Amino acid sequence: MATKAVQTTYLWQGTEKIGNKTKREIQGSSQALAKTQLRKQGVAPTKVNRKSKDLFGPRKQKIKPQDIAVFTRQLATMMKSGIPLVQSFEILGLIVAMYLLIFQLGAVM
């Protein structure tokens, strides 16, 4: 029985046949095989390194400065009105969850 090779993502930099410098990703079971694949595609690889894994898992979306501003304003308003910090976070969490649900429903329709 043959074992299946684990595919790893490699970040590479190299020069294409026409002279353009390029930076991309490639899948391969080893760094040497990734370089070989690139050469077969007509790329002269200058750097091939294993892509590091995200420390906190895959990122879904970037947080926009506008979202941080809205969150901060809402939190400040609740704090000024006397709502405890933990309860304020719970309320904001519910608001975000409802917003995500509405966003997902809009994408389906």
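Tutor: Let's begin with a definition: a residue is buried when its relative accessible area is under 20%, exposed when that area is over 50%, and partly exposed in between. Keep in mind that this is a predicted model.

Student: Thanks! What share of the residues in the protein is buried?

Tutor: Of the 109 residues, 16% are buried. As for the surface, the accessible area of the protein is about 9,700 Å², and carbon and sulfur atoms account for 61% of it.

Student: How many helices and strands are there, and in what pattern do they follow along the sequence?

Tutor: You will find 3 helices and 3 strands. Their order along the sequence is β-β-α-β-α-α.

Student: How should I read a nonpolar core, and which residues form the largest one here?

Tutor: The general idea is that nonpolar side chains tend to be buried together in soluble globular proteins. In this model, the largest nonpolar core consists of 7 residues: Y10, W12, I26, A34, L38, V43 and V48. At least two of these core residues come from strand 1, and at least two from helix 1 (31-40).

Student: Could we take one core residue? Which residues does W12 touch?

Tutor: Setting aside residues up to four places away in sequence, W12 touches T22, K23, R24, E25, I26, L38, V43, K47 and V48. Among these, I26, L38, V43 and V48 also belong to the largest nonpolar core.

Student: And T8, is that residue buried or exposed?

Tutor: Compare its value with the cut-off: T8 has 18% relative accessibility, so it counts as buried. T8 lies in strand 1, which spans residues 8-15. Beyond its neighbours within four places in sequence, T8 is in contact with I26, Q27, G28 and R50.

Student: How many aromatic pairs does the structure hold?

Tutor: The structure holds 1 such pair. The ring centres of F71 and F89 are 6.3 Å apart and the ring planes meet at 15°; since planes under 30 degrees apart count as stacked, this pair is stacked.

Student: Where do its two members sit in the chain?

Tutor: F71 is in helix 2 (residues 65-80) and F89 is in helix 3 (residues 85-108), so to speak two distant parts of the chain linked by the pair, 18 residues apart.

Student: What is the relative accessibility of each ring-bearing residue, F71 and F89?

Tutor: F71 has a relative accessible area of 34%, and F89 has 41% relative accessibility. Both values fall between the 20% and 50% cut-offs, so F71 and F89 count as partly exposed.

Student: And contacts that reach across the sequence: what share joins residues at least 24 apart?

Tutor: Taking contacts between residues at least 6 apart in sequence, 34% join residues at least 24 apart.

Note on methods. Residues are numbered from 1 along each chain as its sequence is written. This is a predicted model: local features need pLDDT of at least 70, side-chain atom pairs count only at pLDDT 80 or more; totals for chains, interfaces and linings use all residues. Side-chain values use heavy atoms; hydrogens and water are left out. Rings of Phe, Tyr and Trp (its six-membered ring) pair if their centres lie within 6.5 Å; planes under 30 degrees apart count as stacked, over 60 as edge-to-face and the rest as tilted. Helices (H or I, at least four residues) and strands (E, at least two) are DSSP runs, numbered from the N terminus. Buried means under 20% relative accessible area, exposed over 50%, partly exposed in between (1.4 Å probe, protein chains only). Contact means heavy atoms within 4.5 Å. A nonpolar core is a set of buried Ala, Val, Leu, Ile, Met, Phe, Trp, Tyr and Cys residues joined through side-chain atoms within 4.5 Å. Accessible areas come from the Shrake-Rupley method with a 1.4 Å probe; for residues, only the protein chains shown count as cover.
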